[in-house]
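Please open the model in a viewer and keep the selection tool at hand. The tour below proceeds from one selection to the next and describes what is found at each stop.

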Amino acid sequence: MASTSHTQQGNAGDEDSRLAPTHVKAPVDVETQCGVELPSERQCGGSLACKRHGMAAKRAVRGRSAPFDQLLQRYLQRQ
């Protein structure tokens, strides 16, 4: 019986660690990342070449220092 309670305590600890956040998300850098608004009130953190969002959505992101197409061209040249 003692080993069973020990196992149950171990499982409880595992469950708690799964619920705790493992890291804090950094803000999205719209100069190098997609930045499209997500339904969860966050922004997509994928690269400028993100395949999940269309070009029109990426072009509509506010706060970029240059037009999206210029930033994408620079990004692809570095790859």
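The quantity pLDDT is the predictor's confidence in each residue, on a scale from 0 to 100. It is relevant here since this is a predicted model. Across the protein the mean pLDDT is 81, and 70% of the residues reach 70 or more.

**Whole chain**

Begin by selecting the entire protein and displaying it as a cartoon. The protein contains 3 helices and 0 strands, and from the N terminus on the elements run α-α-α. Of the 79 residues, 22% are buried. Among the contacts with a separation of 6 or more, 27% are between residues 24 or more positions apart.

**Confidence along the chain**

Next, colour the chain by pLDDT. Where is confidence lowest, and where is it highest? The lowest mean, 49, belongs to helix α1 (residues 2–19), while the highest, 98, belongs to α2. Now select residues 5–17: the pLDDT is below 50 over this stretch, which has 0 contacts in the model beyond near neighbours in sequence. Where pLDDT is low, the predicted coordinates should not be read in detail.

**The loop between α1 and α2**

Select Cys44, which is located in the loop between α1 and α2. With a relative accessibility of 4%, Cys44 counts as buried. Leaving out residues up to four places away in sequence, Cys44 touches Val28, Cys34, Gly35, Val36, Leu38, Cys50, Arg52 and His53. A distance drawn from Cys44 to Val30, 14 residues apart along the chain, gives 9.5 Å between the C-alpha atoms.

Then select Glu41, another stop in the loop between α1 and α2. Glu41 counts as exposed, at 74% relative accessibility. The phi angle of Glu41 is near 60 degrees, a positive value in a residue other than glycine.

**Helix α2**

Move on to Ala57 in helix α2. Ala57 counts as partly exposed, its relative accessibility being 33%. From Ala57, measure to Val36: the two are 21 residues apart in sequence, and their C-alpha atoms are 6.3 Å apart in space.

Select Lys58, also found in helix α2. Which side chain of opposite charge is nearest to Lys58? That side chain is Asp69, 8.9 Å away, and Lys58 is buried yet has no salt bridge. A polar atom of the Lys58 side chain does lie 2.7 Å from the backbone oxygen of Cys50. Show the surroundings of Lys58 as sticks: apart from residues up to four places away in sequence, Lys58 touches Cys34, Val36, Leu48, Ala49, Cys50, His53, Arg64 and Phe68.

**The loop between α2 and α3**

Arg64, one of the residues that Lys58 touches, is the next selection and is placed in the loop between α2 and α3. Arg64 is buried and has no salt bridge, and the nearest side chain of opposite charge is that of Glu31, 6.4 Å away. What does the side chain of Arg64 reach at 2.5 Å? It is the backbone oxygen of Cys34. Neighbours within four places in sequence aside, Arg64 is in contact with Val30, Glu31, Gln33, Cys34, Leu48, Lys58 and Leu71.

**Helix α3**

Select Phe68, Leu71, Leu72 and Tyr75, which are buried in α3. They lie on the same side of α3, because they cover an arc of only 100 degrees around the axis. The buried residues of α3 pack against α2.

**The salt bridge**

For the last stop, select Asp69 and Arg59 together. How many salt bridges does a search of the whole structure find? The search finds 1. Asp69 forms a salt bridge with Arg59, and the closest N and O atoms are 3.1 Å apart. Asp69 lies in helix α3 (residues 68–78) and Arg59 in helix α2 (residues 55–59), so the pair ties together parts that are 10 residues apart in sequence. Both partners may be viewed with a surface displayed. Asp69 counts as partly exposed at 40% relative accessibility, and Arg59 is partly exposed with a relative accessible area of 46%.

Key:
Residues are numbered from 1 along each chain as its sequence is written. This is a predicted model: local features need pLDDT of at least 70, side-chain atom pairs count only at pLDDT 80 or more; totals for chains, interfaces and linings use all residues. Side-chain values use heavy atoms; hydrogens and water are left out. A salt bridge is a side-chain nitrogen of Lys or Arg within 4 Å of a carboxyl oxygen of Asp or Glu. Helices (H or I, at least four residues) and strands (E, at least two) are DSSP runs, numbered from the N terminus. Buried means under 20% relative accessible area, exposed over 50%, partly exposed in between (1.4 Å probe, protein chains only). Lys and Arg count as positive and Asp and Glu as negative; His and the chain ends are not counted. A polar contact is a pair of N or O atoms within 3.5 Å; within protein, one must be able to donate a hydrogen and the other to accept it, and residues adjacent in sequence count only if both atoms are side-chain atoms. Contact means heavy atoms within 4.5 Å. The arc is that of the directions from the helix axis to the C-beta atoms.
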